[in-house]
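Q: Could you take a close look at one strand and its surroundings in this model? I would like to follow its pairing, its burial and what comes after it along the chain.

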Amino acid sequence: MPRPSLPSRPSRPSLSTLAALRRDLPATAMEATGMLALKLRALTGRDLIDLESLQEVMSVYYRLAALREQHRTGEFDIDDFGFDAAFTEALLPIFRVVARRYWRVELSGVEHLPRSGGGLLVSNHAGVLPWDGAMIKVAVFDAVERHARALIANWFGDLPVTSWFLRRTGQTLGHQDDTLRLLRAGELVLVFPEGIRGTGKPWSERYRLRRFGRGGFVEVAMRAGVPIIPVSVVGSEETYPMLADIRGLAQLLGMPYFPITPTWPLLGPLGLLPLPSKWLITFHAPVNVTEPVELTTQVGGQRHPAHDGDGADQLIEPGRVMELADTIRTTIQAGIVEDLMRRARVFRG
Amino acid sequence: MSQGRRILVTGVSRFWGAELARRLEADPDVEQIVAIDSEGPGRPLARTDYVRADIRHSLVGKLVRGLGIDTVVHAGLIVDPQQAGARTVHETNVIGTMNLLAACSGPDSPVRRVVVKSSTAVYGSEPDDPSFWTEEMSRRSPARNGFTRDLDEVESYVREFDDRHPGIAVTTLRFGNVLGEVHDSPFARLFDLPAIPTVFGFDPRVQFLDEVDAVAALHHAARGQYQGTYNVAGPGVVVLSQAIALLGKINAPVIPFVGGAVAMRMLDRLGLVDFPAEFVRLLQYGRVVDTSRLHKELGFVPTRSTIETVLEYGRRRRVRGLVDDATPYRYEHELEDFLRSRGRRQPDHDRAAADPSAARSAPRRRRRATPRVTVPAAPASGVRRRGAARGPERDRGPHP
């Protein structure tokens, strides 16, 4: 990111000059880059520098500078989960540029996203590092101006900086009571039922969905009385093709897996750079889990009253939970297959 | 007068017991307040009858019966392990609670209400904790230190007592971090440092409860007939960095995220800081409790939110030391003494055990207006008290 650096104190100019420089420098830099972009287009006939992306990145600089003052005095708002909406929205343009320019994310079915009220987004999970979460969050925000609150693996809770960053940008650990609390507050929650089993898949098993947990996500949606929106993501598997997983080293470092990709750890930190695959994200039609649809398959289902629900008399049938979890998994898998067929080439397009 | 409440308060030498006793003194429904502790009251008290006794002593049971105590508020649990030695903390918390509950048991017990002041420390502080602790949740990992283990044990005694005595309303209040002018707590000590050490890479969510609200919550629970366990914390949450910024302090992320507890213990040994080692975990992972049960079932809403508590603490800190709060009471207590010597309040024979007039002639420290009856902690011999018609010590055998 071209964050303009200050001139290294040239013979102590007066404070106002410094402040003016500091204020004007980003704009000047942007103007210069813009002119360069136009010249390059005239020369090569192609957009080598995307002005729109440039503008997005510049906005991050200005918004963070504005926020810094608020953070210094402590006058900022976070919600009870530690989510800072202003901070998240200030950083969002970076991820938007990555989504548009790097992975060329193609969206379909955004009309299925609810504009208000709770909803549970259920997605497949892949790609060693959870970039898919960030991409879905950007897509949701740009479509309906809402923040999807992703549930993250417990493992992240103990990571310095990362745990702080994830929580501040709206994520929380995957506890059922917390999820219920978010959904009842009318939030959109994003969940990856495959968990780390999904991101830790070897390359040979790409796009094959793992077990969807124990169907806990269906139960929580039922108790909150919110629809489930299945999401299928194509492209995340190719960001870090995982060739091998060194179990011993992972255990030693306390990590869920230690991946070997074509670039990691061979190229060092450069290996953390994801590959620029072509992404397709599809939001499927919402599945209403509050109304019992097919009563025929409830064989031997034990009845548990959903005791603390708002729809207090609704019953949660384990059979129905598993059945719905299966339906959603099938929907996502079918969506992936369809999108894979639609995507002509993995890295181009 | 005869319908008035008779309340026994423990832990009166510390913040909680003393402040509660003061609050109860202003409550016209409370007929008698008996404070019990092995040390003198932490604040000057007016109409509270103070009995110097260790709550580990079997005298408590006789006191309860002799005075016809209907409500016992156990405010004596030490929840800041730095307040006393590890052994004292264990003895006071575990053995003291055990004995106190035993004193309230039995078919002849006049006790109808027991309020126990516990701590949200029972939930621990781990990286994979839920974002909100509700009362029925419990820690998934074993206790990391003796103090938390003791708290578990105390709460299990209280639960057992509750199960065995359906006629007694047992209320457990789990208090979060209490912050205020008077109360000494790890967070108060932390916020008094010029630069505040935090754990690098972590910014935990925490809650604060104003000390006035904390005592009000205890009072509220003692007045009503509530059953069960309640989390008590100020509404809303704050991240530690925000609290530090609001106090106008410097955030110094100097505690390593691995081995922070060891570092803290070393600094504590050197006398640089005064925090329990497990406090680091709170600074790293934080702890937030759900207080909806407190609001809905107990009907208690703290007047100050978490953020307001922090701001108020900042305001109070700036004038600390300028206003001497001890001075006004000295005069009041002399007036009180004068009024008492005029025999305004004639104690009846049954309550003679804690007769205020008995203490009038006793030597008294200057600032303590509270009448004292001295009972040695252990063993039970040579109990000197006067005017006890149904003296509890009369039928006591040698104490084991």
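A: What follows looks at strand β2 of chain A, then at the loop and the helix that come after the strand.

The model is predicted, and the features described here should be read with that in mind. Strand β2(A) pairs with two other strands of chain A. With strand β5 (residues 188-191) of chain A, β2(A) pairs in the parallel sense over four bridges, and within that pairing A:Val122 has A:Val191 of β5(A) as its bridge partner. Strand β6 (residues 228-234) of chain A is likewise joined to β2(A) by four bridges and runs parallel to it; here A:Leu121 finds its bridge partner in A:Ile229 of β6(A).

In a regular strand the side chains alternate between the two faces of the sheet. In β2(A), A:Gly119, A:Leu121 and A:Ser123 point one way while A:Leu120 and A:Val122 point the other way, and all of them are buried. Because five of the five residues of β2(A) are buried, the strand is largely enclosed by the rest of the structure.

The loop between β2 (119-123) and α4 of chain A holds A:Val128, a residue other than glycine whose phi is nevertheless positive, near 55°. A:Val128 counts as buried because it has 21 C-beta neighbours inside 10 Å, where the cut-off for burial is 20 or more. A second valine offers a useful contrast: A:Val161, in the loop between β3 (148-152) and α5 (162-168) of chain A, also has a positive phi, of about 65°, without being a glycine, but with 12 C-beta neighbours inside 10 Å A:Val161 counts as exposed.

Beyond the loop that holds A:Val128 comes α4 of chain A. Helix α4 (residues 131-144) of chain A packs with helix α3 (residues 85-102) of chain A at an angle of about 105°, their axes lying 10 Å apart, and the two helices are therefore roughly perpendicular to each other. On the side of α3(A) the contact is made by A:Leu92, A:Phe95, A:Arg96 and A:Ala99, and on the side of α4(A) by A:Ala134, A:Met135, A:Val138, A:Phe141 and A:Asp142. Sorted by character, the residues of this contact divide into seven nonpolar and two charged, with no polar residue among them.

Key: Residues are numbered from 1 along each chain as its sequence is written. Chains are lettered from A and ligands numbered from 1 in the order in which they are written. This is a predicted model: local features need pLDDT of at least 70, side-chain atom pairs count only at pLDDT 80 or more; totals for chains, interfaces and linings use all residues. Axes are lines fitted to C-alpha atoms, for helices over the stretch in contact, and angles run from 0 to 180 degrees between N-to-C directions. Angles under 35 degrees count as roughly parallel, over 145 as roughly antiparallel, 65 to 115 as roughly perpendicular and the rest as oblique. Two residues are in contact if their C-beta atoms, placed from the backbone, lie within 7 Å. Ala, Val, Leu, Ile, Met, Phe, Trp, Tyr, Cys and Pro count as nonpolar, Asp, Glu, Lys and Arg as charged, and the others, Gly among them, as polar. Two strands pair if DSSP finds at least two bridges between them.
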